Amino acid sequence: MSLFCVENAGYHRGEKNILDGISLGLERGEILAVLGCNGVGKTTFLKCCMGLLRWRAGRSLLLGQDIALIRDFWKKVSYVPQAKSMHIGIKVLDMVVLGCNPFLKLAPKKEHFKLALEACERLGIERLADSYCHLLSGGELQMVLFARALVSKPLLLVLDEPESHLDIKNQLLILNLLKNLSLEGTGIIFNTHYPNHAFKIASKCLLLYRENHTPQYVFGVMQEVLCQSNLSQIFDVPLEMFVHTSLDF
């Protein structure tokens, strides 16, 4: 049984067809990279996968069950959105503990704060534990949101441009961590603007694009989908430097 599937799914906003007829599957420990031009529907795709937006056709399944029927869905799935400025005066450790919310009956206990601190340590941001989120840089906040997603130890981790706002060192840290999580059995879906990042860690790839204003997609094994011809056609630029660029881990 696949960890996660999308079956013949589509989404439209008003009269505009955003996504259409998408089907794909992800096994435990696999990483799916989602690429496409700005505005093609990558974030919308992630939100539909998790039920934050409703598919207009088709469905998402987790362990063979329609996610709409899974009461404890957020005990199994974590989401890292794109980091945006935060105006709420909440400390970093308290923000990370919020990742335990699906498991809490009342207030968090000592063990939940311990898990939160361990998640921060795994990302090297334990020094920020007592800092306030609204005073952080965009990159620091991105790392905090990542720690919040990790604290629940999800079966499926979904990330919207996890490298955004990060310097090269922290981009490599995140990519290494995603690869290690996949080796531990976590399924991962992430949007990215970096084909070389996808090439380094993804096992499967989804390319979203439009042809004559009609949404199209290519899905499959990363080495077959993330090729020069596909990328050059979809992004309409020569991409030899991206396809052959590698990052040392």
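**Surface features and helix 9 of the predicted model**

Gly89 is exposed, its relative accessible area being 52%. This value comes from a predicted model. Because residues count as exposed over 50% relative accessible area, Gly89, at 52%, falls in the exposed class. Gly89 lies in the loop that connects strand 6 (77-80) with helix 3 (92-97). Along the chain, Gly89 and Ala107 are 18 residues apart, and a distance of 19 Å separates their C-alpha atoms.

A positive patch on the surface comprises Arg13, Lys16, Lys47 and Lys84. Of these residues, Lys16 belongs to strand 2, which spans residues 16-26. With a relative accessible area of 46%, Lys16 is partly exposed. The patch criterion requires over 30% relative accessible area and no salt bridge, and Lys16 is accordingly a member of the patch formed with Arg13, Lys47 and Lys84.

Helix 9 covers residues 228-235, and within this helix Asn230, Leu231 and Ile234 are buried. When helix 9 is viewed down its axis, the buried residues fall within an arc of 90°, and they therefore line one face of the helix. Ser229 and Gln233 are exposed and are carried on the face of helix 9 that is turned away from the buried side. Immediately after helix 9, Asp236 adopts a positive phi of about 60°.

Notes. Residues numbered from 1 in each chain as written. Predicted model: local features only at pLDDT ≥ 70, side-chain atom pairs only at ≥ 80, totals over all residues. Heavy atoms only, no water. Patch = residues over 30% accessible without salt bridge, like charges linked within 9 Å, V, L, I, M, F, W, Y side chains within 5 Å. Areas by Shrake-Rupley, 256 points an atom, 1.4 Å probe, with all protein chains shown as cover. Salt bridge = Lys/Arg side-chain N within 4 Å of Asp/Glu carboxyl O. Lys, Arg positive; Asp, Glu negative; His and termini not counted. Charge placed at Lys NZ, Arg CZ, Asp CG, Glu CD. Helix = DSSP H or I, 4+ residues; strand = E, 2+ residues; numbered from the N terminus. Buried < 20%, exposed > 50% of the residue type's maximum accessible area, 1.4 Å probe, protein only. Arc of directions from axis to C-beta.
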